[in-house]
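These are my notebook entries from a session with one model, kept in the order in which I looked things up. I began with enclosed space and went on to strands, backbone angles and a cysteine pair.

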Amino acid sequence: MRIRLKSSIMAISLMSLLLLVGCRSGGESATQGYDRAGQSDSAVLGNEGSLTIPSQVAQAVALSLPKRYLDGERVDYSELLQVYVGDGSDCCENKAPIAGRYEADNKSVRFMPQFDFVEGQDYVIRVQHQSEDKGGEDKESEDKGVFHKLTPFKIQANTPVVKPEVTAIYPSGDTLPENVLRFYIHFSTPMKPHVAFDYIKLVDASGNVDDAAFMQFKQELWSEDRTRLTVLMDPGRIKRNVATNLSLGPALNQGERYQFVVEGGWPTANGTETLATFSKSFSVSDGLRELPNAENWEISAPTIGTNDTLEIKFDRPFDHQLLHKDIQVFSATGEEIQGESFIGNHETEWHFQPKEAWVEEQITIVVDSELEDVAGNNFRDLLDHSIETETRDRAPILITVDLTS
């Protein structure tokens with residue numbers, strides 16, 4: 001079997017390979033909803049009793065407005081109408097509204113979330129009003145005559161209750177490099193957001209909890225269905241000779257053992273169940289501090305006329321989520337070969353099962369140069385590099401494979 005690396009780009013469309021893992025499609029965010037082209041220069045005030053609350057996960061929140069406001073003034077809809085996750089007891093200071101897009105006609109303003117509402121999840125609609133009496137309403141605003149009315153709602157679940165549990169954590173290996181960058185936690189059912197780090201802990205062999213190990217974002221990194229959470233180690237603890245690393249030291253030390261703990265009591269999105277405690281124990285090896293190199297991979301070619309799997313064995317573990325999107329297979333004529341990929345052996349193997357039998361003598365594996373190992377290193381750049389280092393402009397890696405007969 002002959003395997004050749006190419007430096008040129010195939011005459012096929014590879015734009016989809018250049019998408020970053022964190023890219024998300026959708027409309028405007030909840031802080032970008034303006035009508036016409038300008039910034040808001042006055043507060044538009046909602047009309048009490050004009051709110052339409054969704055009853056289905058894909059429905060919008062709608063707010064009717066007096067026609068003069070839509071016709072005569074520029075409107076910052078994101079100040080007028082917001083939706084938050086929660087039951088309203090602690091809304092809305094220091095919380096970010098959910099992302100989505102705003103639409104308006106001559107009757108109403110509609111807010112459609114970027115991702116569908118979740119059945120059973122508590123939400124709060126926050127609408128700006130004007131009144132001489134602000135008593136009993138949201139006390140957050142200090143503008144005279146302006147207050148915010150909070151309206152809680154919940155879309156009732158029509159599906160059977162699923163017992164909440166952690167179904168997987170990636171990287172899945174029992175030994176991880178000391179500079180591992182991210183963890184993916186998979187749950188059996190949607191979980192309550194904005195409380196993750198009340199339950200997620202990094203614990204050393206002596207039982208000490210490192211409260212500064214993880215990055216804690218205002219918006220947690222959930223999948224669309226809220227069953228997968230991405231947890232990032234603080235890069236400042238990973239990168240050598242930077243402030244946080246020098247003051248606190250690395251979060252993980254080679255030769256030591258740790259537990260990644262998800263403590264029990266975490267509520268599901270619908271609030272009907274709580275999670276049982278889960279922990280992953282692992283030891284720490286030396287860090288990955290060299291660029292990935294496809295020449296170090298072992299590739300097993302399938303046989304023509306069969307549906308045998310194409311297999312790649314890596315020299316290191318790669319990011320579980322990126323492996324599903326950053327490697328593709330093409331025919332000699334430049335057409336993508338359809339099939340299903342599988343990740344194995346603690347993210348050190350990639351298997352591809354074609355939908356139809358292999359028919360050509362030669363195929364090309366295309367690897368996005370943004371594919372990262374578990375330490376965040378890709379084919380263009382190391383995560384832990386000096387500020388003088390320039391990121392390389394690297395085209396996708398092309399690997400030609402001759403099939404066996």
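**Cavities.** I searched this predicted model for enclosed space, and the structure turned out to hold three cavities of 30 Å³ or more. I then asked which residues line the largest cavity. With a volume of about 50 Å³, the largest cavity is lined by Phe197, Met215, Gln216, Phe217, Glu220, Leu221, Leu229, Thr230, Val231 and Leu232. Sorting this lining by class, I noted seven nonpolar, two polar and one charged residues. Strand S14, residues 228-232, supplies the largest share of the lining, namely four residues.

I went on to the second largest cavity, which holds about 40 Å³ of space. The lining here consists of Tyr170, Pro171, Arg182, Tyr184, Phe318, Asp319, His320, Glu347 and Val374, and by class I recorded five nonpolar, one polar and three charged residues.

**A cis peptide bond.** Since two neighbours in that second lining, Tyr170 and Pro171, had caught my eye, I looked up the bond that joins them. The peptide bond from Tyr170 to Pro171 is cis, with omega near 0°, and I set this beside the general rule that most peptide bonds are trans. Pro171 itself lies in the loop between strand S9 (166-170) and strand S10 (175-177).

**Positive phi values.** I next looked up two residues for their phi angles, bearing in mind that most residues other than glycine have a negative phi. His194 has a positive phi of about 70° although it is not a glycine, and I located His194 in the loop between strand S11 (182-187) and S12. Arg226, likewise a residue other than glycine, has a positive phi near 60°, and Arg226 sits in the loop between strand S13 (221-222) and S14.

Is each of these two residues buried or exposed, or partly exposed? For His194 the relative accessible area is 31%, so I entered His194 as partly exposed. For Arg226 the relative accessible area is 13%, which falls under the 20% limit, and therefore I entered Arg226 as buried.

**Strand S12.** As the loop with His194 leads to S12, I checked how well that strand is covered. S12, residues 200-204, is mostly covered, with four of its five residues buried. I then asked how S12 and strand S15 pair. S12 and S15 (residues 257-262) run in the antiparallel sense over five bridges, and within this pairing I found Leu202 opposite Phe260 of S15.

**The cysteine pair.** My search for disulfides gave a count of one, and the bond in question joins Cys91 to Cys92, with an S to S distance of 1.6 Å. The link of Cys91 and Cys92 is right-handed, with 85° about the S-S bond. I also looked up the accessibility of the two cysteines, and both Cys91 and Cys92 are buried.

**Whole chain.** Last, I took down the totals. The chain has five helices and 23 strands, and of its 405 residues, 47% count as buried. Among the contacts in the chain with a separation of 6 or more, 70% come from residues 24 or more positions apart.

Note on methods: Residues numbered from 1 in each chain as written. Predicted model: local features only at pLDDT ≥ 70, side-chain atom pairs only at ≥ 80, totals over all residues. Heavy atoms only, no water. Disulfide = S-S within 2.5 Å. Buried < 20%, exposed > 50% of the residue type's maximum accessible area, 1.4 Å probe, protein only. 1 Å grid on protein atoms, 1.4 Å probe; cavity = no way out; pocket = protein on both sides within 12 Å on 5 of 7 lines; lining within 4 Å. Points joined across faces, edges and corners; volume = space filled by probe spheres on them. Helix = DSSP H or I, 4+ residues; strand = E, 2+ residues; numbered from the N terminus. Nonpolar A, V, L, I, M, F, W, Y, C, P; charged D, E, K, R; others polar. Pairing = 2+ DSSP bridges. Contact = heavy atoms within 4.5 Å.
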